[in-house]
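Colleague: Please take one part of this model and go through it closely. I would like the central pairing, what surrounds it, and then how the rest of the chain is built.

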Amino acid sequence: MREAEGSKRRRREVRHLVRVWLPALLVVALLAAGVGAYRFEWGQRYLPWLSADPATEPEQVLPPAGPELPEWTTPAPDAQPVDETSAIAPDRVEAAVAKRLADPDLGRHVVGAVSSLEPGSAVWTSGDGEYLPASTTKLLTLGAALDVLGPDHTFSTTVVRGDGPREVVLVGGGDPMLASQPLTVAEAGSSYPARADVTTLAVQAADALRGLGKVRVRFDDSLFTGPTDNPAWRRDYVPDDIVSPITSLMVDSGIAADGLARSDDPSLAAARVFADALRAAGVEVAGEPQRVVVQPDAEVLASVESAPLSEVAERILDVSDNEGAEVVGHQVGLAVSGTGSFEAGAAAVLGTLSGLGIDVTGDEVYDGSGLSRRNRVSTTTVLQLLQHAAGPDGESMRNLVTGLPVAGFTGSLTYRFADGPALARGLVRAKTGTLTGVHALAGIAVDRDGEPMAFVLAADRVAAVKSLNARDALDRAAAALAACRCSA
């Protein structure tokens with residue numbers, strides 16, 4: 001009897017512990033995951049349930065059609081300037097979003113700016129106009145890249161003969177989406193864009209290497225220079241696997257096969273994958289890959305090409321790919337100054353935008369992804385960039401608009417905009433920006449009159465415990481633009 005009573009008492013105690021502590025533990029776990037996800041925009045990388053997987057979660061309704069951009073025409077020589085009142089009415093924008101931006105969860109520093117897509121049109125502003133951009137920095141990086149390199153530009157990864165008769169060198173060309181393995185048939189049907197991979201490259205090179213006996217694999221990542229860990233980042237970002245060291249020869253963004261750890265030397269990791277693929281293709285490989293610098297006229301044995309930059313840019317915007325944005329930023333530096341580094345890339349981005357007539361006065365940019373907390377950008381810069389990308393002279397960077405995540409449908413906005421006017425889902429397209437204490441949205445919203453508007457909404461002094469509330473407050477403010485009749 002005592003045993004039975006003791007057993008019942010223990011069961012009651014266990015049930016009590018489960019009832020009291022399990023909910024608390026679940027809340028703590030969810031909050032930790034949520035803070036991590038939104039702090040660094042992990043998205044599909046670490047928390048796949050935060051982003052839709054088209055292979056396993058097909059949407060029940062089709063995504064909305066692309067935004068209806070104005071039909072730009074060349075004005076007649078005697079044409080009169082367009083009256084600003086034909087675009088947005090700042091007082092109507094004020095009525096739609098001002099109260100929402102006054103939400104105390106957004107903290108002490110909130111900025112907002114809204115305009116039509118017509119350059120020079122009326123602009124509604126709130127706050128001092130300068131903010132810590134977080135991942136909305138990627139808009140600047142990719143806009144400059146599309147203008148400098150062109151939307152059809154591709155990146156080559158090659159295999160060349162080394163100095164010795166049995167030496168083969170894998171040469172990194174700064175492909176931001178280079179993969180370790182080819183996609184499976186199922187993955188190829190749901191993955192965008194197509195990706196080059198070093199395993200396919202090894203299979204191509206194997207034909208030229210058979211019969212040589214044992215070969216030695218070398219690798220060349222000298223295309224990029226300077227530090228691989230940005231001095232303007234927090235010191236724990238690379239050591240704690242928040243972001244990979246940036247090199248011109250990275251596979252899978254420097255992330256290991258387990259999807260969590262990152263390599264301390266992504267170039268060496270890529271070369272090891274290549275060497276293993278050569279072995280699998282029947283080539284004898286001796287020793288460990290070594291870093292070298294090849295001669296410019298070295299014989300090319302095989303090469304693979306990335307998808308066009310237009311598609312790469314859309315993917316980087318969609319999932320907020322930090323490593324991809326940094327590689328592209330280095331490429332902008334190379335194209336403008338001949339130097340592929342963090343510093344050269346950031347300078348080239350601002351210089352390119354300034355050359356397009358975009359006002360970058362006072363802007364400070366230290367990287368391509370927006371991980372640096374030293375970055376400061378004005379809402380004017382972002383608005384003018386969006387206007388240019390959507391305008392008659394922005395054909396080369398149109399993918400900056402078409403690649404924006406769609407509220408309630410794609411990328412980093414798949415599971416956002418649950419609150420506020422439901423019609424905003426599909427009518428708001430925006431790049432997210434998230435760091436600790438920082439939340440931002442920048443993109444295009446279409447109001448109830450069909451008027452497309454460029455907007456920037458940001459708060460960069462948010463209390464950590466208010467992060468999710470602040471994000472939702474910005475979503476509601478952007479949704480209010482879609483729900484208003486803001487055209488004049």
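Modeller: Start with strand E5 (residues 167-171) and strand E6 (residues 215-220). They run parallel and are joined by five bridges. This is a predicted model. One pair of residues helps to place the two strands: Val169 stands opposite Arg218 in E6. In general, strands of a sheet pair through backbone hydrogen bonds, either parallel or antiparallel.

Now widen the view. E5 and E6 belong to an open sheet of five strands, in the order E7-E6-E5-E4-E8. The pairing in that sheet is mixed. Strand E7 (285-291) and strand E8 (300-305) stand at the edges. Each has a single partner strand, so one side of each is left without a neighbour in the sheet. From one strand to the next, the twist averages 15°.

Two helices lie across these strands. Helix H5 (residues 198-209) crosses strand E4 (156-161), E5 and E8. Its direction is at about 165° to E8. Helix H6 (residues 266-280) lies across E4, E5, E6 and E7. H6 runs at about 155° to E7. E4 and E5 thus appear in both lists, that of H5 and that of H6.

There is another sheet to set beside this one. It is open, has five strands, and follows the order E2-E1-E12-E11-E10. Its pairing is antiparallel. The edge strands are strand E2 (123-126) and strand E10 (428-435), and each pairs on one side only. Neighbouring strands here are turned by 5° against each other on average, direction ignored. Inside this sheet, strand E1 (residues 110-116) pairs with strand E12 (residues 452-459) in the antiparallel sense, over seven bridges. Look at Ser116 for a reference point: its bridge partner in E12 is Met453.

Next, a helix pair. H8 and helix H9 (residues 342-355) pack at an angle of about 70°, with their axes 7 Å apart. That angle makes H8 roughly perpendicular to H9. H8 contributes Glu326, Gly329, His330, Val332, Gly333, Val336 and Ser337 to the contact. H9 contributes Phe342, Ala344, Gly345, Ala348, Val349 and Thr352. By class, the contact has six nonpolar, six polar and one charged residues.

Val332 is worth a stop. This residue lies in helix H8 (residues 322-337). Val332 is buried, with a relative accessible area of 0%. Leaving aside neighbours within four places in sequence, Val332 is in contact with Thr141, Ala144, Ala145, Ala348, Val349 and Thr352. Among these, Ala348, Val349 and Thr352 are also listed for the H9 side of the helix contact. For scale, Val332 and Ala347 are 15 residues apart in sequence and 9.2 Å apart in space, C-alpha to C-alpha.

Finally, the whole chain. The protein chain holds 12 helices and 12 strands. Of its 488 residues, buried ones make up 50%. Take contacts between residues at least 6 apart in sequence: 70% of them join residues at least 24 apart. The accessible surface comes to about 21,900 Å², and 54% of that belongs to carbon and sulfur atoms.

Notes: Residues numbered from 1 in each chain as written. Predicted model: local features only at pLDDT ≥ 70, side-chain atom pairs only at ≥ 80, totals over all residues. Heavy atoms only, no water. Pairing = 2+ DSSP bridges. Helix = DSSP H or I, 4+ residues; strand = E, 2+ residues; numbered from the N terminus. Axes fitted to C-alpha atoms, helices over the stretch in contact; angles between N-to-C directions. Buried < 20%, exposed > 50% of the residue type's maximum accessible area, 1.4 Å probe, protein only. Contact = heavy atoms within 4.5 Å. Parallel < 35°, antiparallel > 145°, perpendicular 65-115°, else oblique. Nonpolar A, V, L, I, M, F, W, Y, C, P; charged D, E, K, R; others polar. Areas by Shrake-Rupley, 256 points an atom, 1.4 Å probe, with all protein chains shown as cover.
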